Number of protein chains: 4
Amino acid sequence: MTGRPRSAAARAAILRAALAELGERGYAALTVEGIAARAGAGKQTIYRWWPSKADVVLDALLETAAERIAVPDEGSLRADLDAFLAATFSQSGQHGVLTGLMAQSVLDPAFAQAFRERFLASRRAALRGLLERARARGEVDAGADLDLLVDVVYGTLWYRMLVGHAPLDAEAGRRLAALVTDAARPGRPG
Amino acid sequence: MTGRPRSAAARAAILRAALAELGERGYAALTVEGIAARAGAGKQTIYRWWPSKADVVLDALLETAAERIAVPDEGSLRADLDAFLAATFSQSGQHGVLTGLMAQSVLDPAFAQAFRERFLASRRAALRGLLERARARGEVDAGADLDLLVDVVYGTLWYRMLVGHAPLDAEAGRRLAALVTDAARPGRPG
Amino acid sequence: MTGRPRSAAARAAILRAALAELGERGYAALTVEGIAARAGAGKQTIYRWWPSKADVVLDALLETAAERIAVPDEGSLRADLDAFLAATFSQSGQHGVLTGLMAQSVLDPAFAQAFRERFLASRRAALRGLLERARARGEVDAGADLDLLVDVVYGTLWYRMLVGHAPLDAEAGRRLAALVTDAARPGRPG
Amino acid sequence: MTGRPRSAAARAAILRAALAELGERGYAALTVEGIAARAGAGKQTIYRWWPSKADVVLDALLETAAERIAVPDEGSLRADLDAFLAATFSQSGQHGVLTGLMAQSVLDPAFAQAFRERFLASRRAALRGLLERARARGEVDAGADLDLLVDVVYGTLWYRMLVGHAPLDAEAGRRLAALVTDAARPGRPG
DNA sequence: TCGTAAGCGAGACGGTACGTCAGGTCTTAAT
DNA sequence: ATTAAGACCTGACGTACCGTCTCGCTTACGA
C-alpha cells in the first residue's frame, strides 16, 4: 500500500549533479543522461520526479542558499534600489544558468509556468514590496504603475543578461536606480 | 572553375519552409530535417549556407516585409515613442519566433552574435536615433544615457514577451512611453 | 520466529494471472511486472518463490488438469501410439505455451533443467513405458533403442510445433504411429 | 533521387560483429547495441536493414562458408544418410546459434517466416532430394511420405539440440540413419 | 562547344540523447 | 516473516535528429 518512500539521497545527488554539470559544461550541454550518470542515479528516477531537465535545474537553483533574495531596507528608495541591484548583479556567476532557464522556458510552456511561479514571481514580489514601502513613505507617486516599474527594472536586467551587449556592473546599477527613482517620484505626469 | 551558382530557388524554398514549419509547429519543434523535407531540399544544401537552423530562421525573418522598422517622426518624443511602441507591439504574431531566436541565442554563442548584429542592433539604432532627434530638439536631457534608455524600452518589451505575465497592448505602450519620456526630460537629477 | 506463512492465495493468484496473460498476449509479451500487476501481487513475491517467469509458467502449466498425461493401454503398440498421439495433438491450444517454454529453455540454462526434469521427463517416461510394454508383448525388437524411438516421436512433434510448416492433426498422428510401429518391429536390421 | 548507396563495409562489419558477439557471449546476451558498438556502426544502420537482431544473425549465418549444405551421393540411402548426418552433427559448434534462432523464431512470428524460408527450407530440400534419389533407385517405398521422413530426421536432431538430454554424435547418427532407412524401405505397411 | 567545377536532391552513415520498459533489488507499513 | 506497494539502479530498447558523407544529376562558366 505504501511502497518504498522516495530517497532523499537520490534527490540530493541528482540536484548536486545537475549543478556540477551546469558549472562544467553549461546549460546547452546539459543532458538527463549526464546528470543521472554523475549522480549515480537511474534516468527513470529523474523522469519520475521532474518533467524535464530544466525543472531539475530550477529545483537545484531554488535550493542554493545564495539564491535567497536580499530585500534591503536602507530608508530611501534610491538607496534601497542601489542595494537591491548591487546584490542582484553580484550573482553574475549564475547568469549562464538563469539565461539557460529562460531559454528553456521559451521552448517549453510547461516549464515556463514553473519558472514564472517558482522563481520569477518571488523576485518580482520582493522588488514590488520595496517599491510599496517607498510609496508609503511618499517617495513614489500614489498613482504609479508599480508593476511597470518592476518590469522596467527586471526587463533591463534580463535584456542585458540575455543580449550581453552592455555591462551589468555597479555603475549600470546606479544609473538604472537613478532612472527608476526619478520616474517614480511623486508629481510626475501620468 | 567557377561551378554551378547557388540556386536562388532552393534558398527561397528553404526560407519559406522554415517560416511554414515555424508557424505550424513552433520554434521548439523546428528541425533541419523538417525544413529540408518541406522545402524539397537536401540537408546538405542547408548546412552549406547556414551554420544553424536559427540562422535560417533569422534570414527568413529579415526577409519578411513586415519586419521593416518603422521610425516615426511625429514632432515630439512622446508621440514618437507612442507610435514606435504601437508599431512594435502590433507585430505580436511574431513573438513566438522572436523569443525562439532569443532562446537559441542563449544556447548558441555563434548565433547570438549574428542575432545581435543583424537583428537587434538595427532596432536599437532606430530607437536611439529617435531619442537623439528628441535630444536635438531639447526634449531629452543632454547628459542622458541614451543606451540605458534604449535598454529600458527594449528590456521591458522583451521581458514581457519572454515571461508573458503582462499584456503587450496599446495601453502598456502608452504607459511605457510616458515613463521613458518623463525619465529622459531635461533637468532631471543625474 | 516462524513468521507469516506463505500465502496460498498469492501463489494461486500469480499462477492464474500468468495463464491469463499468456492467453491474452502470448508468451513473448509476458513480463513479471504484468503478472504481478494482474495478480495484485508484489514483484518480490514472485521473485521470492520462482527464479524466472518461465518457472511461473511451468508451475501454472503443471497445475492444469488438462496437462495430465494420458497413457493408453489398447492392447497393441499401434493402437497405443495412435491414442497417445491423438491425445497429445488434441491439446493444440497449448502449443504457444509449450514452444514459449522451449524458447525460454534455450535462453536460460537454469530453466532448461527445470523444464527437462519437471515437464519433458515425465512425458518421455510415459511414452517409454508404452514402448516397454509393447516390447514385453513382443511387438518391439528386443534390441531396439527405445530412447531413440522416444526422441523420434517427440522430436517430430516438437519440430512441427516449433516450425509450423506441417499440420499436427489426426492424419499426421496416424502416419507417425505407423512409421514408429514399423521401425520398432522385431527382426528389423540393427 | 538516388542517395548515397548502402555501404558494403558497414554491412560486413555488422555481420562480423554479430558472429563475434555470439561466439563470446551467446545468443541470449546478444544486443543490438553491442553489435553496433563492436561493428563501429550506428544502431540506426542496423535497424534500417534488419527488422530484428535475429535477422542479423540469420544473415551472418547464411554467409558463413561452413554453412554450405553437404548433399552426399554415396550410392545407397544408408550411406547417404550416414554421411549427411555426420556432416550435420560435425557443425556442433553452431548449436548455440541455431537453438537461439529457433527460440527467436518462437518469440517473433516475422522472424519465424524468414528462418523457415531462408534457412530451414533449404536444408529440408537437401534431405528430401537425397530421399527422392533413393526412391528413384528403389530403396524407398513409392508411397512413402517423404516429408514425414524429413521431419523425423530433422525433428530428432532439433529435439536433441534443444533439450540436450542425449548426445548428437556419430553413433547417434548411425542409429538414426538405420532407423530411417528401415522405415522407408519398400514393402513396409502403410 | 565542351569539359569541369560546384550546386543540387537524395539518402546512408556514425553518433548522441531521447523517453520508455522491464529486470531484479531494496525499503517501507501492514498483516 | 510475508505481503502489496512502489522507489531504486541498471541496461537495452527503438526513435529522432544531428552533421557528414557519397551518389548521380544539373547547370553555368571559361578555355
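**Exercise 1. Describe the interface of chain C and chain D: how much area is buried, and which residues give the most?**

Step 1. Take the area. Chain C and chain D bury about 3,300 Å² between them, and 67% of it is on carbon and sulfur atoms. Buried area is the accessible area (1.4 Å probe) that two parts lose on being put together, summed over both. The size of an interface is often given in this way, as the accessible area lost when the parts come together.

Step 2. Find the main contributors. Leu148(C), Tyr159(C) and Leu179(C) supply 19% of the area that chain C buries against chain D, more than any other three residues.

Step 3. Note the ground rules. This is a predicted model, where local features need pLDDT of at least 70, side-chain atom pairs count only at pLDDT 80 or more, and totals for chains, interfaces and linings use all residues. Residues are numbered from 1 along each chain as its sequence is written, chains are lettered from A and ligands numbered from 1 in the order in which they are written, and side-chain values use heavy atoms, with hydrogens and water left out.

Step 4. Count the residues. Chain C brings 37 residues to the contact and chain D brings 38 residues. Contact means heavy atoms within 4.5 Å.

**Exercise 2. Find the polar links between chain C and chain D, then the helices on the chain C side.**

Step 1. Count the salt bridges. There are six between chain C and chain D. A salt bridge is a side-chain nitrogen of Lys or Arg within 4 Å of a carboxyl oxygen of Asp or Glu. One joins Arg160(D) to Asp151(C), at 2.5 Å from N to O.

Step 2. Count the polar contacts. Between chain C and chain D, 14 residue pairs are in polar contact (both at pLDDT 80 or more). A polar contact is a pair of N or O atoms within 3.5 Å; within protein, one must be able to donate a hydrogen and the other to accept it, and residues adjacent in sequence count only if both atoms are side-chain atoms.

Step 3. Locate the helices. Helix 6 (95-107), helix 7 (109-136), helix 8 (146-163) and helix 9 (170-184) of chain C each supply at least two residues of the side that touches chain D. Helix 8 of chain C gives the most, with 13 residues. Helices (H or I, at least four residues) are DSSP runs, numbered from the N terminus.

**Exercise 3. How is chain C related to chain D?**

Step 1. Superpose. A turn of 179 degrees and a shift of 0.0 Å along the axis lay chain C on chain D with an RMSD of 0.2 Å. The two copies are thus related as by a two-fold rotation axis. Copies are superposed by least squares on the C-alpha atoms of residues with pLDDT of at least 70 in both.

Step 2. Compare surfaces. Of the interface residues of chain C, 100% are also interface residues in chain D, so the copies meet through the same surface.

**Exercise 4. Describe the contact of chain B and chain A.**

Step 1. Take the size. Chain B gives 38 residues and chain A gives 37 residues. The area buried between chain B and chain A is about 3,300 Å².

Step 2. Find the links. Six salt bridges cross the interface of chain B and chain A. One of them pairs Asp151(B) with Arg160(A), at 2.5 Å.

Step 3. Look for other contacts. Chain A and chain D do not touch. Chain B and chain D are not in contact either; their closest C-alpha atoms lie 10 Å apart.
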